[in-house]
Amino acid sequence: MYTVTDEKCWTGRIDSETEVNMFRLHQIVRIEDVLSFNVKHKGMAIGLIGFRCDEGVRRNKGRVGAYKAPDAIREALASFPWHFDDSVVLYDFGNVSCDDKELEAAQDELGEAVKKMLDANIFPIIIGGGHEVAYGHYVGEKRHLKNQKSIGILNFDAHFDMRPYDQTVSSGTMFRQIGDELAAENKPLRYMCVGIQKSGNTKHLFATAEQYGCEYIREDEIYSFGPEHIIERIQAFMDANEAVMLTLCSDVLDASWAPGVSAPQPFGLEPKILRRLMKAAIQNRKVTSFDIAEINPELDEDGRTVKLAASLLYEVIESLCQREEE
């Protein structure tokens, strides 16, 4: 299921081959094999890994195509300028691919890769794929922490993703799965979802979220109360946890900005609002990993959604570098 990244994904404009201040990401990134990697870092190191998977979305009866997102986003990210300190290291650790409908095995393999990065003091940035990527992401966090710290899940999403999974798991069941696993260990689910659309979730799903103790902020509340109030609520959630994994389902964005997603939202968030909330969250050192999901290049218009996803990843990298400087 694992492959090293094709170097062709990291090509782009070259303004200089010697002056670092003129470099772009494709001149900085280091392509590595996560299976044989054995370096442990002390400073800021960031690791990209793709999760090429449509199986969770297919099972959830969504629009497939997110499988192609990791490499498409790499290509869009390649020519962004490198504004960061020379001590920052950016790795690309390749892709875990679900090519045989074995979703659970792919999620487990992703979890092992995420654990290895965290064990090496590398901040994982995981590029989905459908939002089922979040379960593999969580598996890696849990294995790294060895149940020694509570994990808060901060999700920017229009949907709770807490559907029943009696018949099969999918891109709409992850957080209920996690909640049930924690309940079996007599532990609470620590989950906040920001950007919830009332029109995108049934009454049953709202009741399920309440049952599992999910904290949530509706999209309309973000505009009613303003970003600063929402940031305070997000910070309070993070402060109540020992470690936080941040996950972004791109259908939280307004469809006019992000048409290339599985479930476009006409009343989604504007990118600048999402950027502000995300950057505020990542400034908190309790955030130890990040994933982005549901970018679908096959449904995109003029590459707008892919470029937006690349821009959001660039903002994540910038926020991590700023956090390191503080």
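**Exercise 1. Aromatic rings**

Tryptophan 82 is buried, and phenylalanine 84 is buried as well. In this predicted model, work out how the rings of tryptophan 82 and phenylalanine 84 are arranged, and then examine the pair formed by phenylalanine 37 and tyrosine 91.

*Solution.* Begin with the total, which is 10 aromatic pairs in the structure. For phenylalanine 37 and tyrosine 91, the ring centres are 5.0 Å apart and the planes stand at 75°, so this pair is edge-to-face. The next step is to place the two residues: phenylalanine 37 belongs to the loop between strand S2 (30-31) and S3, while tyrosine 91 belongs to strand S4, so the pair ties together parts that are 54 residues apart in sequence. Both phenylalanine 37 and tyrosine 91 are buried. Turning to tryptophan 82 and phenylalanine 84, the ring centres are 5.0 Å apart and the planes stand at 85°, so this pair too is edge-to-face. Finally, ring pairs join Phe80, Trp82, Phe84 and Tyr314 into a cluster.

**Exercise 2. Helices H3 and H11**

Determine how the axes of helix H3 (residues 69-77) and helix H11 (residues 304-325) are placed with respect to one another, and describe which residues of H3 and H11 meet.

*Solution.* The first step concerns the axes, which come within 8 Å and cross at roughly 70°. That angle makes H3 roughly perpendicular to H11, because angles of 65 to 115 degrees are counted in that class. The crossing of H3 and H11 is right-handed. For the contact itself, H3 contributes Ala72, Ile73, Ala76 and Leu77, which meet Val306, Lys307, Ala309, Ala310, Leu313 and Tyr314 of H11. Sorted by class, the contact of H3 with H11 has 9 nonpolar residues, no polar residues and 1 charged residue. A last step looks at burial in H3, where the buried residues are Ala69, Pro70, Asp71, Ile73, Arg74 and Leu77. The cover over these buried residues includes helix H1 (25-28), strand S3 (45-52), strand S4 (89-97), strand S5 (123-128) and H11.

**Exercise 3. Helices H4 and H5**

Classify the crossing of helix H4 (residues 103-119) and helix H5 (residues 133-145), and state the make-up of the contact of H4 with H5 by class.

*Solution.* The axes of H4 and H5 come within 7 Å and cross at roughly 45°, which makes H4 oblique to H5. H4 passes H5 in a right-handed crossing. On the side of H4, the residues in contact are Gln107, Asp108, Leu110, Gly111, Glu112, Val114, Lys115, Leu118 and Asp119, and they meet Val133, Tyr135, Gly136, His137, Val139, Gly140, Glu141, Arg143 and His144 of H5. By class, the contact of H4 with H5 has 6 nonpolar, 6 polar and 6 charged residues.

**Exercise 4. Buried or exposed?**

Decide whether glutamate 315 counts as buried or exposed, and do the corresponding task for valine 39.

*Solution.* Glutamate 315 lies in helix H11, and its relative accessibility is 15%, so glutamate 315 counts as buried, because buried means under 20%. Leaving aside residues up to four places away in sequence, glutamate 315 touches Arg275 and Lys279. Valine 39, in the loop between S2 and S3, has a relative accessible area of 38% and is therefore partly exposed. Valine 39 and asparagine 121 are 82 residues apart in sequence, while their C-alpha atoms are 9.3 Å apart in space.

**Exercise 5. The backbone**

Identify the form of the peptide bond from glycine 128 to glycine 129, and then describe the phi values of lysine 61 and asparagine 186.

*Solution.* The peptide bond from glycine 128 to glycine 129 is cis, and its omega is near 20°. Glycine 129 is located in the loop between S5 and H5. For lysine 61, phi is near 65°, which is a positive value in a residue other than glycine. Lysine 61 is part of the loop between helix H2 (55-59) and H3, and with 78% relative accessibility lysine 61 counts as exposed. For asparagine 186, phi is near 60°, a positive value in a residue other than glycine. Asparagine 186 sits in the loop between helix H6 (174-184) and strand S7 (191-196), and at 74% relative accessibility asparagine 186 counts as exposed.

Technical notes. Residues numbered from 1 in each chain as written. Predicted model: local features only at pLDDT ≥ 70, side-chain atom pairs only at ≥ 80, totals over all residues. Heavy atoms only, no water. Axes fitted to C-alpha atoms, helices over the stretch in contact; angles between N-to-C directions. Helix = DSSP H or I, 4+ residues; strand = E, 2+ residues; numbered from the N terminus. Parallel < 35°, antiparallel > 145°, perpendicular 65-115°, else oblique. Left-handed = near helix turned anticlockwise from the far one by under 90°. Contact = heavy atoms within 4.5 Å. Nonpolar A, V, L, I, M, F, W, Y, C, P; charged D, E, K, R; others polar. Buried < 20%, exposed > 50% of the residue type's maximum accessible area, 1.4 Å probe, protein only. Phe/Tyr/Trp six-rings, centres within 6.5 Å; stacked < 30°, edge-to-face > 60°.
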